[in-house]
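Biologist: I'm new to this structure and would love a close look at one small part of it. Please pick a spot, tell me what surrounds it, and lead me onward from there.

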Amino acid sequence: MSNKVYDEIIAFIREHYQTNEAIALHAPCLGQTEKKMLLDCIDSTFVSSVGKYVDQLEKQVAAYCGAKHAVAVTNGTLGLYLGLRLLGVRPGDLVLTQSLTFVATLNAIKMHHAEPYLLDVDETYLGLSAEKLAHFLETETREEDGERIHIASGKPVRVCMPMHTLGFPAEIDTICKVCRQYGIAVLEDAAEALGSRYQDRHLGTFGDIGVISFNGNKVITTGGGGMLLTDSDQLAHMARHLSTTAKISHDWLFEHDEAAYNLRMPNLNAALGLAQLAKLPDFLRDKRLLASEYQHLCQDFAELDCLPAPPNSQPNFWLNALRFSTQAERDEFLQYTNKRSIQTRPLWTPMHLLKPYQSTLRDHLPVTEQLAEQIVNLPSGVRCV
């Protein structure tokens with residue numbers, strides 16, 4: 001691809017953001033509303049894990065996503081960790097997931113001393129392949145005493161954890177159907193998917209539990225933080241109990257009925273989140289407009305291939321993506337843009353190629369490896385005015 005095309009992309013990005021300064025991949029958009037909410041929280045003195053803003057954020061996120069319950073946690077990784085415990089994952093269990101993901105997905109599994117099993121992704125949806133999942137469960141597992149057992153390792157398979165890559169949906173309806181057939185729970189890693197819908201349903205609400213991230217580079221931010229979504233009264237109750245040290249409610253006594261965690265989002269972070277959540281519809285409009293403009297740009301240049309929304313979906317376009325023919329072309333573009341203060345990046349190094357996870361049990365992963373070599377993410381933050 002020629003430097004002329006690269007220059008056209010850079011010119012478009014600079015015109016969109018109306019700046020000659022460095023342009024980040026996805027910077028947060030924070031203003032006076034956020035400052036006011038934070039000051040109100042500080043004045044209340046309730047800045048830790050008790051306060052009205054945490055409760056309000058939970059209710060508003062649940063309503064927005066169409067989930068019966070939302071439980072605020074300190075970050076998305078620990079939300080996944082808590083979700084795995086709620087779904088009964090034990091040391092030595094297998095958790096089915098994908099190699100094309102951020103490392104937090106696998107870290108949460110290893111924190112339980114469980115083992116990830118890596119399956120390939122779908123080329124259109126970018127997330128866990130429902131076809132590969134079904135084939136694995138049919139051919140590589142058996143039922144034994146009411147459990148699903150991986151034949152080769154003898155380990156129980158208790159949970160499947162697909163990740164919605166870049167805010168695009170995995171084939172989550174089919175994944176859930178397959179998992180129900182084999183008695184396996186579904187924990188959706190929807191860290192990147194706030195505002196994304198599939199078949200007119202918000203991601204993170206298809207499985208038993210979904211987890212959203214509010215990290216500083218997400219669609220909205222609480223600084224650090226995440227939200228666990230579920231329609232189960234029992235799972236929601238246990239999530240609240242375990243995330244607040246399993247303390248039995250009492251006016252003055254400190255009684256705890258099991259070993260648990262301190263994972264509840266601080267009120268200060270939730271205050272920031274409420275201000276951000278009020279802006280979410282505007283953020284999504286701006287991001288989808290940018291995605292449409294990138295698509296038009298790609299139509300003007302035959303060399304460019306922008307990844308479109310998968311069928312039946314309304315993604316948030318957390319990060320827009322270009323797909324190159326070769327890794328060499330990808331790397332040339334990354335070097336060219338970053339040297340000119342336009343932050344672009346490749347997808348994550350696949351998990352099975354990272355040092356901590358090279359010996360992880362896995363299927364053949366040709367689509368994962370191909371996509372990781374070809375995709376570049378473009379600046380995708382909202383214009384903060």
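Modeller: D145 sits in the loop that links β4 (141-144) to β5 (147-150); strands (E, at least two residues) and helices (H or I, at least four) are DSSP runs numbered from the N terminus. This is a predicted model, in which local features need pLDDT of at least 70 and side-chain atom pairs count only at pLDDT 80 or more, while totals for chains, interfaces and linings use all residues. Residues are numbered from 1 along each chain as its sequence is written, and side-chain values use heavy atoms, with hydrogens and water left out.

Look first at the backbone of D145: its phi is near 55°, a positive value in a residue other than glycine. Most residues other than glycine have a negative phi. D145 has a relative accessible area of 77%, so it counts as exposed (over 50%; buried is under 20% and partly exposed is in between, using a 1.4 Å probe and protein chains only).

Now move along the chain to D200, another non-glycine residue with a positive phi, here about 60°. D200 belongs to the loop between β8 (197-198) and β9 (201-202). Because its relative accessibility is 61%, D200 is classed as exposed too.

For a contrast, turn to S313, in strand β12 (residues 313-314). S313 is called buried because its relative accessibility is 14%. Leaving aside residues up to four places away in sequence, S313 touches P169, R197 and Y198, a contact being heavy atoms within 4.5 Å. A polar atom of the S313 side chain also lies 2.6 Å from the backbone oxygen of P310.

A little further on you come to an open sheet of three strands, ordered β13-β16-β14 and paired antiparallel; two strands pair if DSSP finds at least two bridges between them. At its edges are β13 (320-323) and β14 (345-346), each with pairing on one side only. Helix α11 (residues 327-339) packs on this sheet and touches β13, β14 and β16. The direction of α11 makes about 25° with that of β16 (axes are lines fitted to C-alpha atoms, for helices over the stretch in contact, and angles run from 0 to 180 degrees between N-to-C directions).

You can follow β13 residue by residue. Four bridges connect β13 to β16 (residues 375-378), and the two run antiparallel. A321 faces N377 in β16, while L322 has V376 of β16 as its bridge partner. In a regular strand the side chains alternate between the two faces of the sheet. Along β13, N320 and L322 point one way, A321 and R323 point the other way, and all are buried.

Finally, step back to the protein chain as a whole. It has twelve helices and 16 strands, and its C-alpha atoms fill a box of roughly 65 × 60 × 35 Å along the principal axes. Buried residues account for 55% of its 385 residues. Of the contacts with a separation of 6 or more, 72% come from residues 24 or more positions apart.

Technical notes. A polar contact is a pair of N or O atoms within 3.5 Å; within protein, one must be able to donate a hydrogen and the other to accept it, and residues adjacent in sequence count only if both atoms are side-chain atoms.
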